[in-house]
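I opened my notebook to look through this structure one item at a time. I kept the entries short.

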Amino acid sequence: MAFVTRQFMRSMSSSSTASASAKKIIVKHVTVIGGGLMGAGIAQVAAATGHTVVLVDQTEDILAKSKKGIEESLRKVAKKKFAENPKAGDEFVEKTLSTIATSTDAASVVHSTDLVVEAIVENLKVKNELFKRLDKFAAEHTIFASNTSSLQITSIANATTRQDRFGGLHFFNPVPVMKLVEVIKTPMTSQKTFESLVDFSKALGKHPVSCKDTPGFIVNRLLVPYLMEAIRLYERVSDGDASKEDIDTAMKLGAGYPMGPFELLDYVGLDTTKFIVDGWHEMDTENPLHQPSPSLNKLVAENKFGKKTGEGFYKYK
């Protein structure tokens with residue numbers, strides 16, 4: 001009888017441990033790595049929805065610009081949200097900013113965070129080095145996520161020992177405005193981690209969609225080939241296809257798109273599009289959808305990346 005009792009208690013204990021480990025992580029504290037447009041946007045929406053945030057980048061100057069950009073963005077939000085109560089708007093801005101701390105040392109701030117979201121340069125080696133280092137300092141329960149738009153999440157997760165606590169959170173620019181978040185689950189991502197990332201996305205006021213770890217996930221998998229086909233259509237203009245202006249007008253008026261493909265290319269950044277296409281072409285050289293574009297390559301070589309440099313397919317003042 002004593003043996004049976006011990007076995008029963010041991011079984012109950014094991015069940016309790018399994019149950020505890022199966023519980024989702026409720027994300028309260030977020031560390032965002034990268035103070036650029038995407039990282040700052042993620043930090044802003046996380047702070048505005050009651051999360052404690054640490055924004056990390058390499059220098060204090062970058063972080064100061066990030067905080068300034070976040071404040072300007074928050075004031076735009078407050079102006080709309082609190083149109084009839086400017087004082088409440090000011091309080092909203094100050095309260096949100098007060099929950100965003102900054103740091104130039106990622107390793108020193110991840111020990112108590114629930115979630116690390118990486119939004120740095122689209123370079124696999126750099127991302128791997130970052131996560132490999134952070135893996136040594138982050139708490140056991142901490143979930144890692146990458147905001148990559150083109151790299152395989154599995155390839156990034158393999159740099160760590162927490163592949164089961166690693167997923168993708170692909171936000172869209174501008175983050176405070178765009179509602180979609182692609183939540184990417186690798187073959188190694190646990191269901192608990194996936195559900196925690198979905199819940200976090202919802203807590204930000206976003207609409208999460210589930211994706212497998214395939215090139216481009218959902219949006220870019222469909223969008224980038226469309227943009228590249230528009231460029232090829234333009235490159236064949238000498239054969240009587242169409243001008244870039246006519247292509248943009250046709251897609252806006254005929255398909256109801258808010259921007260034409262060339263306007264969108266310039267907005268996204270021609271360097272970004274070229275990086276994605278080059279990566280896909282390297283993985284599948286025979287796929288006609290992933291073939292390089294001479295005109296895109298030429299513009300990028302001339303540092304004409306679109307709106308951010310003042311010129312791309314169009315010129316900007």
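**Entry 1: a pocket.** I started with the lining of the second largest pocket and asked which helix gives the most to it. The answer is H3, with 12 residues. I then looked up the volume of this pocket, which is about 860 Å³. I found that 31 residues line the pocket. Closest to its centre are Gln44, Ser73, Val77, Pro176 and Val177. Two elements give two or more residues to this lining: helix H2, residues 37-48, and helix H3, residues 60-81. I sorted the lining by class and noted 14 nonpolar, 10 polar and 7 charged residues.

**Entry 2: confidence.** I note here that the model is predicted. I looked up the mean pLDDT of the protein chain, and it is 92. I also noted that 92% of the residues reach 70 or more. Where does pLDDT stay under 50? I found that stretch at residues 1-21. For these residues the model has 1 contact beyond four places in sequence.

**Entry 3: H8 with H12.** I turned to helix H8, residues 219-235, and helix H12, residues 294-301. Their axes come within 9 Å and cross at roughly 100°. Angles of 65 to 115 degrees count as roughly perpendicular, so H8 is roughly perpendicular to H12. I listed the residues that make the contact. H8 brings Met228, Ile231 and Glu235. H12 brings Pro294, Ser295 and Leu296. By class, I wrote down 4 nonpolar, 1 polar and 1 charged for the contact of H8 with H12.

**Entry 4: H8 with H11.** I stayed with H8 and looked up helix H11, residues 270-283. At what angle do the axes of H8 and H11 cross? I read roughly 105°, and the axes come within 11 Å. That crossing angle makes H8 roughly perpendicular to H11. From H8 I noted Asn220, Arg221, Val224, Pro225 and Met228. They meet Thr273, Ile276, Val277 and Trp280 of H11. The residues of this contact divide into 6 nonpolar, 2 polar and 1 charged. I underlined Met228, since H8 uses this residue in its contact with H12 and also in meeting H11.

**Entry 5: backbone.** I checked two backbone points last. Which residues does a cis peptide bond join? I found Asn173 and Pro174, with omega about 0°. Pro174 is in the loop between strand S6, residues 166-171, and strand S7, residues 180-185. I then looked up Phe217. Its phi is positive, about 55°, although Phe217 is not a glycine. I placed Phe217 in the loop between strand S8, residues 207-212, and H8.

Definitions and conventions: Residues are numbered from 1 along each chain as its sequence is written. This is a predicted model: local features need pLDDT of at least 70, side-chain atom pairs count only at pLDDT 80 or more; totals for chains, interfaces and linings use all residues. Side-chain values use heavy atoms; hydrogens and water are left out. On a 1 Å grid over the protein atoms alone, a cavity is a set of points where a 1.4 Å probe fits but cannot get out, and a pocket is an open set with protein on both sides within 12 Å along at least five of seven lines; lining residues have an atom within 4 Å of a point. Grid points are joined across faces, edges and corners, and a volume is the space filled by probe spheres set on the points. Helices (H or I, at least four residues) and strands (E, at least two) are DSSP runs, numbered from the N terminus. Ala, Val, Leu, Ile, Met, Phe, Trp, Tyr, Cys and Pro count as nonpolar, Asp, Glu, Lys and Arg as charged, and the others, Gly among them, as polar. pLDDT is the predictor's confidence in each residue, from 0 to 100. Contact means heavy atoms within 4.5 Å. Axes are lines fitted to C-alpha atoms, for helices over the stretch in contact, and angles run from 0 to 180 degrees between N-to-C directions. Angles under 35 degrees count as roughly parallel, over 145 as roughly antiparallel, 65 to 115 as roughly perpendicular and the rest as oblique.
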